[in-house]
Structure formats: structure tokens, C-alpha cells
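Biologist: I'm new to reading structures like this one. Could you walk me through a few features?

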Amino acid sequence: MAEETRPSMWPADNPAVTAHMNMLQAIINRLATQSSSSKTWCLTLVGALISFAGATKTPSIVTFALVPVLIFGFLDMMYLAQEKAYRDLFNDLAERIRHGEYGKNQFFCASAAPARKHVLHALVSWSIWPVYGGLLVGYIVAHSSGWLAALATVGKCGQS
């Protein structure tokens with residue numbers, strides 16, 4: 001399209017461009033939802049394992065709570081890294097649109113592989129460390145202070 005005949009907002013007012021940006025935003029939202037679900041599932045499984053350990057008076061079961069912490073922590077970190085990669089792609093395309101540099105070769109480009117910088121950003125993120133780091137620190141404190149051993153004796157006072 002010649003420069004003189006382009007609408008004043010081109011390509012921002014192009015329906016295909018709008019659809020492309022909406023598609024990227026939907027991907028970002030889906031990744032954010034999966035990140036939230038990882039935390040929910042992790043906390044649920046850890047709580048269930050701790051409750052089961054208390055009910056059976058078997059404190060060693062609490063050690064198995066580290067498995068979901070590590071697995072869901074890794075998954076959540078990767079969801080966050082992927083989300084950051086898509087946010088960077090979204091911002092790059094928004095800049096191209098703003099400067100009139102968005103071309104047909106960018107139409108519906110939806111590939112955003114996380115780079116090392118995205119993984120490192122996710123690794124030190126405030127949404128990762130308080131949850132998973134807190135669970136790991138809580139386990140270490142409980143284990144080193146003897147709280148896990150106390151879990152096995154709670155409720156046995158009246159038994160002979």
C-alpha cells in the first residue's frame with residue numbers, strides 16, 4: 001500500500017493486526033492462568049501430604065511434599081519464562097505497529113521461545129520465591145527444629 005493511500009492509523013486499524021495482538025494476549029492470559037494453577041495444585045498437594053502425615057503419625061511422609069514443590073516450582077517458572085517471552089513479542093510488535101514497521105511477514109507470528117534471560121527473570125521472580133521458596137524454607141525449619149518428629153507424637157499421649 002502506497003504511503004499516500006494508507007489510512008492514518010495503518011496498520012493499527014487493520015483487523016488482521018488487531019486479531020494478531022488479541023491472539024498473543026490470549027496466549028499470555030492462558031500462561032498466567034497455568035502459572036496460577038501450578039501454585040494452587042502445589043499448595044493443595046503439600047497440604048494434603050502434611051495432613052496425611054499427621055493423620056497417620058508418619059512424619060517421613062512430609063518429605064514427599066518436596067516432590068510437588070520441586071515439580072510445580074519448575075513448571076511455574078517455565079510458564080512464567082514463556083509468558084515473559086510472549087510479553088516481549090507482544091511489546092515488540094506493538095512498537096512496530098506504532099512506528100509503521102509492522103509488515104506482512106509479522107502477520108500471525110506466534111512463536112516466542114523463552115531465552116535464557118526469560119528463564120533467569122522467572123527464576124528470580126517475586127511470584128516464584130515467596131511460594132516455593134517459602135515451602136522449602138518451611139520444610140527445612142520444620143525438619144531441623146524437630147517439628148516433624150513432634151508430628152508423630154501428637155495424639156498419642158492418652159494411648160498405652
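Biologist: Let's start with Thr63: where does Thr63 lie?

Modeller: Thr63 sits in the loop between α1 and α2. Bear in mind that this is a predicted model.

Biologist: How do I read its exposure? Is Thr63 buried, partly exposed or exposed?

Modeller: You look at the relative accessible area: under 20% is buried and over 50% is exposed, with partly exposed in between. Thr63 has a relative accessible area of 37%, so Thr63 is partly exposed.

Biologist: And what separation is there between the C-alpha atoms of Thr63 and Ala53?

Modeller: Those two residues are 10 apart along the chain, and their C-alpha atoms are separated by 9.5 Å.

Biologist: Now the whole chain. How many helices and strands are there?

Modeller: The protein chain has 5 helices and 0 strands. Following the sequence, you'd write the pattern as α-α-α-α-α.

Biologist: What share of the residues counts as buried?

Modeller: There are 160 residues in the protein chain, and 31% of them count as buried. You can also ask how far apart in sequence the contacting residues are. Take the contacts between residues at least 6 apart in sequence: 79% of these join residues at least 24 apart.

Biologist: Let's try a pair of helices. At what angle do α2 and α4 pack?

Modeller: Helix α2 covers residues 66-98 and helix α4 covers residues 129-145; they pack at about 160°, and their axes are 10 Å apart. An angle over 145 degrees counts as roughly antiparallel, so that is how α2 runs relative to α4. As for handedness, α2 passes α4 in a left-handed crossing.

Biologist: Which residues meet there?

Modeller: From α2 you have Leu66, Val69, Phe72, Gly73 and Asp76, and from α4 come Tyr132, Leu135, Leu136 and Tyr139. Sorted by class, this contact has 7 nonpolar, 1 polar and 1 charged residues.

Biologist: One more residue, then. Is Ser35 buried or exposed?

Modeller: Use the cut-off again: Ser35 has a relative accessible area of 6%, which is under 20%, so Ser35 is buried. Ser35 belongs to helix α1, residues 15-56.

Biologist: What does Ser35 touch, leaving out residues up to four places away in sequence?

Modeller: On that count, Ser35 touches Asp76 and Tyr79. You've met Asp76 already, among the α2 residues that meet α4.

Biologist: And which side chain makes a polar contact with the side chain of Ser35?

Modeller: That's Lys39: a polar contact of 3.2 Å joins the two side chains.

Key:
Residues numbered from 1 in each chain as written. Predicted model: local features only at pLDDT ≥ 70, side-chain atom pairs only at ≥ 80, totals over all residues. Heavy atoms only, no water. Axes fitted to C-alpha atoms, helices over the stretch in contact; angles between N-to-C directions. Helix = DSSP H or I, 4+ residues; strand = E, 2+ residues; numbered from the N terminus. Parallel < 35°, antiparallel > 145°, perpendicular 65-115°, else oblique. Left-handed = near helix turned anticlockwise from the far one by under 90°. Contact = heavy atoms within 4.5 Å. Nonpolar A, V, L, I, M, F, W, Y, C, P; charged D, E, K, R; others polar. Buried < 20%, exposed > 50% of the residue type's maximum accessible area, 1.4 Å probe, protein only. Polar contact = N/O pair within 3.5 Å; in protein donor to acceptor, adjacent residues only side chain to side chain.
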